[in-house]
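Colleague: I have a new model open and would like to learn how to read it. Could you walk me through it, feature by feature?

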Amino acid sequence: MIPFVDLKAQYQTIRTEVNHAIQRVLDNTSFIMGDEVVAFETAFAEVTGAPHAIGVASGTTAIHLILDALGVGRGDEVITTPHTFIATAEAIRHAGATPVFVDIDPQTYNIDPTKIESAITERTKAIMPVHLYGQAADLSSIVAIAKKHNLFVIEDAAQAHLAQYDGQHVGLLGDAGTFSFYPGKNLGAYGDAGAVITHRDDIAEKVRMLRNHGRREKYVHETHGYGERLDGLQAAILGVKLAYLAEWTTARQEIAQRYRDGLAGLPLLLPKEVSAEGHVYHLFVIKTDRRDALKAFLKEKDISSGVHYPLPLHLQPALSYLGHQAGDFPVCEDAAKTVLSLPVYPELRVEQQQHIIHSVGAFFDG
Ligand SMILES: *Cc1c(COP(=O)(O)O)cnc(C)c1O
């Protein structure tokens, strides 16, 4: 069976270093905050070029805390995409604000900037693009719209570690960027973890306080905060893995290129790559009207595949309070029925990938 991600294979490649890092944390008992967290934050800031990186408990928390830090909350609206993981909208709701959806671009599956302005109201406080599948959204258009209307830009970069836009790491073109280190992400912890990066000193300081019960000093709680810290074990593991991230990202991009070459000419839509450095291939997503049949066919050939995402956010039961119905965001709804994610991870072997490519070809030939 070719799995959709292979964290066991990855662990085997870094086993000694990871075990050593875990042992170090146990020996030092630096479980919450402490040296390991500071070391990882410093390294992540360096790799991204961010003036500030703040470790938090998850990617969802990262979004929630940055909204809080910016003062976005009750009565406010945040514009985002309906074609994303539920956490994007959940975190907006955690902050007390309301998600407002805008349909996606049919080629990149990212938020369509030409549709953003008509969704802006006097309650709009922020635009939150998601760099979906690892590809940077159209940030120059989004930032220009935000400037014109005096809105914040928060980049949900949970799937886009190391993706660049205009020579900068994603997360730095807007007010802040949020990352998830969920195990299956391009940089994954061995549990829940996340981070915020920003070039703004004021909100960096606020997020640091918010994650840690609203305090700077041990017994002075300056503001209402949360217990949403990154823990030492995760930070130590992430520190080991961060050193490999550039190499792993190149491997993902090479796998993507082999898919492009191998699947060219078949009656399916390959992912559009806006720029080489702008896509880090968290997912390699093809599009076909015969998606469900192809997925079943691959399963028979022992190949796992995924659908990201089969039910758009505006049609999720949890978001029924927004009052949407089928037909509201047709491009997103079409994608939900036709996209298929093929395995893409650094440990995917060439012969495994050849089997996948051959099987997709056999499906369309047959
Ligand atoms: C994974 C993910 C999140 C949430 O991250 P967690 O660490 O699981 O909380 C948010 N947004 C997107 C787009 C994601 O893929």
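Colleague: How many helices and strands does the secondary structure of the chain come to?

Modeller: Keep in mind that this is a predicted model. The chain has 11 helices and 13 strands. Its radius of gyration is 20 Å, close to the 21 Å that the globule rule gives for 366 residues, so the chain is as compact as a globular protein of that length. Along the principal axes, the C-alpha atoms fill a box of roughly 70 × 55 × 35 Å.

Colleague: What share of the residues is buried?

Modeller: Here a residue is buried when its relative accessible area is under 20%. By that cut-off, 55% of the 366 residues are buried. Look at contacts too: of those between residues at least 6 apart in sequence, 68% join residues at least 24 apart.

Colleague: Which residues touch the most other members of the largest nonpolar core?

Modeller: A nonpolar core is a set of buried residues of certain types joined through side-chain atoms within 4.5 Å. The largest one has 40 residues, and those touching the most other members are Tyr 259, Leu 263, Phe 284, Ile 286, Leu 342, Ile 356 and Val 360. At least two core residues come from each of H8 (245-263), S12 (284-287), H9 (291-300), H10 (330-338), S13 (339-342) and H11 (350-365). H11 gives the largest share, 5 residues. Another core, of 28 residues, lies apart from this one and includes Ala 45, Leu 139, Ile 197 and Leu 245.

Colleague: What does Tyr 259 touch, leaving out residues up to four places away in sequence?

Modeller: Its partners include Phe 284, Leu 342, Gln 353 and Ile 356.

Conventions
Residues numbered from 1 in each chain as written. Predicted model: local features only at pLDDT ≥ 70, side-chain atom pairs only at ≥ 80, totals over all residues. Heavy atoms only, no water. Buried < 20%, exposed > 50% of the residue type's maximum accessible area, 1.4 Å probe, protein only. Helix = DSSP H or I, 4+ residues; strand = E, 2+ residues; numbered from the N terminus. Contact = heavy atoms within 4.5 Å. Rg over C-alpha atoms; globule rule 2.2 N^0.38 Å.
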